[in-house]
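This report describes selected strands, cores and aromatic contacts. The sequence and the structure are shown first.

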Amino acid sequence: MKRAKRYLVAVSALLVLVVGGGVALGRALNTDDDLMEDTTPKTMDVILSEIRSLMQDYSIEAYIVPSVDAHNSEYISLHDRRYQYVTNFTGSAGTAIITLTGAALWTDSRYHLQAENEIDPSYWTLMREGLAGVPTRDEWLLEHLSPGAQVGTDPFLIASTEYERLSTVLVQSGYRLIALERNLVDIVWNNRPPQTVEELRPLGYEYTGQRAADKIATVRDTLHALGANAIVISALDEVAWLLNLRGTDILYNPVFFAYAIIAHERVHLFTNVERINETIREHLRTEGLVPPVDVRDYHDILAGIDEYVRDGHRLLLSSACSQALYAAIPAEQRLQQYSVVAKLKAVKNAVEAAGMQRAHVRDGAAVVRYLAWLETTVGAGDGENVTELSGAAQLHAFRMQQNLFVDLSFTAISAFGPNSAIVHYSPSTDTDLPITQDGIYLIDSGAQYLDGTTDVTRTVALGQPTAFQRECFTRVLKGFLSLGSAVFPTHASGTVFDTLARKALWDVGLDYGHGTGHGIGAFLGVHEYPPSFVSNTASPSNQGVVENMFSSNEPGYYEAGQFGIRIEDIVQVVRANVPHDFNGRGALTFYSNTVVPIQRKLIDVRLLSEGEVMNLNQYHRRVREQVGPLLLEQNDSEAYRWLIEATEDITPMALNLAVHQNDTM
């Protein structure tokens, strides 16, 4: 135990966690790591050896390292990238498990190729989730544990629902899941980046459309209905949305590290107290928060919960909250359900919806300028070398010229040729390919504006595409158009739209491995849930679709090592004008906020119906009408001319000719 004693420090707010047979002392949230004189980067061999030594000290045979932070965030700060530190994998989703003799990494199909390129197979076994014959994490653990073994994890980095599920699985087979007092990766991470604590940005009513006091009043109505005294809010975007504040603690995500407890008479904010200056306090007063918000240190969240527990209050938690928060509340005082705030935030008010529409028009102008520049530059053959990285930088520059621009919303997926088959590819100096006329180029990118968040994908061929590429692109387009034009009843399941988007691909035995749609924030996260358009009917974020939700519409197809195709718009759920109204339930459809042309060169018109051609033509006319004037206003006549040509109608004559050619082949 000498090694463990050497690393462990006294911590405050200790908590006893007793779940699924595992017992361990809790730790203070994100307690500062021990100072180490030597910050020289460690090799993978050293990192895993030191973690395994600590595992022996803690009497565990397996240690779980998730890809999230204490707030279950998808995108995390450098300080929280434990998963990347131990695996070298930079994807945003996955789970690593380290045993005393091996290590395995699970990630979904979006990252199979990326993980294969990034991890060292001499230390890590890649588990490609979703493929036949690949064991689940549960199956792998049960196979690799000795009788009576213990599995350890950090209670702040695992959702309570997952902790309970996994604990049950292990107990049934004679094992135990325990919550450790320190994160083992933190102990060995000697050159760990510091936690970010940046200034906050108040967001005015002209962008939010609702005061914080009114949002909180709605939350309190839910508390009354459920018989709860307070709600603990741990998701960073939910705290930011509720208080109409934004931050920069996580790259491209306008959030800040904080927790909140909303009681009937008081609001408690747990964050770095130094950044709650007079400007922020005045903002909170203007937002109608009286009495004043009780601001406390970020690390005091467990103590804050304990005060309500000791007073006998009932507390409401999200089903996505961490095991540490969940275990801090006795079962008889604890209520848990899908996040109340997430469902409120997902439905944009009139001001937010109008802001999203305006932001997408400006963003459309930036993307059109980029695509016009790219086609002209690559096609000129003047020797200028456009690469994935330089192309993404040029698009960033065009976005920076747009009004109300704040930042990107994620690192651009600027992918050419074989790299475009990697769903969440991110170009680096090691992988940066030149963009030429000999291949498919996929650009998936987005931006943060004060009035909205954008996310758009277009796939283009700068040379002559093959017949198979055109077929794949057209079948993706058919699914895209089918979803975008769907009419459906209020609260329809997201699985309906996932099926619509895949059918044209399924007809010929093709498919893609990622979801079809994710929610998006209003100057918040580029991914937020609900809604969720996925095949899994049991997905917690599949809460049903209602008016003024915003989602991506992004079917695709990927041919490993050759090319990738994806078309993505952000669509808004709006009222549908149809003869009937689903017996009063309400008829809905989608309106595309994204206004960027879809390349006609890649379309095999023979595969489109007349209705699909009409739909695409109508969309392109709207793109021209909304983006064209802005391009002229920005004095980019070349991009304007490119836009006019790119949005020309597919004529009935062209359609009939294509059909005739198909009939004679």
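## Strand pairing, cores and aromatic contacts

In one strand pairing, V574 stands opposite T589 of strand β30. The model discussed here is a predicted one. The pairing that contains these two residues joins strand β29 (residues 569–575) to β30 in the antiparallel sense, over 5 bridges. Strand β23 (residues 488–489) also runs antiparallel to β30, and 2 bridges join them. On that side, F488 has L588 of β30 as its bridge partner. Strand β30 spans residues 587–592, and 5 of its 6 residues are buried, so the strand is largely enclosed by the rest of the structure.

F488 recurs in two further settings. Together with F497, F533 and F590, F488 forms one aromatic cluster. F488 and F497 are also listed, with Y370, I435 and L477, as the residues with the most contacts inside the largest nonpolar core, which has 74 residues. Helix α15 (residues 350–380) supplies the largest share of this core, 10 residues. Y370 is in contact with G391, A392, Q394, L395, F398, I435, Y441 and I443, when its neighbours within four places in sequence are left aside. Another core lies apart from this one; it has 58 residues, including I216, V232, Y259 and Y308. As a general point, nonpolar side chains in soluble globular proteins tend to be buried together.

A separate arrangement is an open sheet of 3 strands, in the order β17-β20-β21 and with antiparallel pairing. Strands β17 (405–408) and β21 (452–453) stand at its edges with a single partner strand each, so one side of each has no neighbour in the sheet. Strand β20 (residues 447–449) is joined to β21 by 2 bridges, and the two run antiparallel. Within this pairing, Q448 has T453 of β21 as its bridge partner. Helix α16 (residues 388–400) lies across β17 and β20, and runs at about 160 degrees to β17.

Aromatic side chains can also be considered pair by pair. A search of the whole structure finds 16 aromatic pairs. In one of them, the ring centres of Y557 and F563 are 6.4 Å apart and the ring planes are at 55 degrees, so this pair is tilted. Arginine side chains also lie over tyrosine faces: R334 over the face of Y326, at 3.6 Å from the ring centre, and R362 over the face of Y449, at 5.2 Å from the ring centre.

The relative accessible areas of three residues are listed below.

| Residue | Relative accessible area | State |
|---|---|---|
| T271 | 0% | buried |
| Y557 | 8% | buried |
| F563 | 2% | buried |

Both partners of the tilted pair thus appear in the table: Y557 is buried, and F563 is buried. The remaining entry, T271, is placed in strand β13 (residues 267–271). Which residues are in contact with T271, leaving aside its neighbours within four places in sequence? They are F256, F257, A258, I276, R296, D297 and Y298. With a relative accessible area of 0%, T271 falls under the 20% limit, and therefore counts as buried.

Technical notes
Residues numbered from 1 in each chain as written. Predicted model: local features only at pLDDT ≥ 70, side-chain atom pairs only at ≥ 80, totals over all residues. Heavy atoms only, no water. Buried < 20%, exposed > 50% of the residue type's maximum accessible area, 1.4 Å probe, protein only. Helix = DSSP H or I, 4+ residues; strand = E, 2+ residues; numbered from the N terminus. Pairing = 2+ DSSP bridges. Contact = heavy atoms within 4.5 Å. Axes fitted to C-alpha atoms, helices over the stretch in contact; angles between N-to-C directions. Phe/Tyr/Trp six-rings, centres within 6.5 Å; stacked < 30°, edge-to-face > 60°. Lys NZ or Arg CZ within 6 Å of the ring centre and 35° of its normal. Core = buried A, V, L, I, M, F, W, Y, C linked by side-chain atoms within 4.5 Å.
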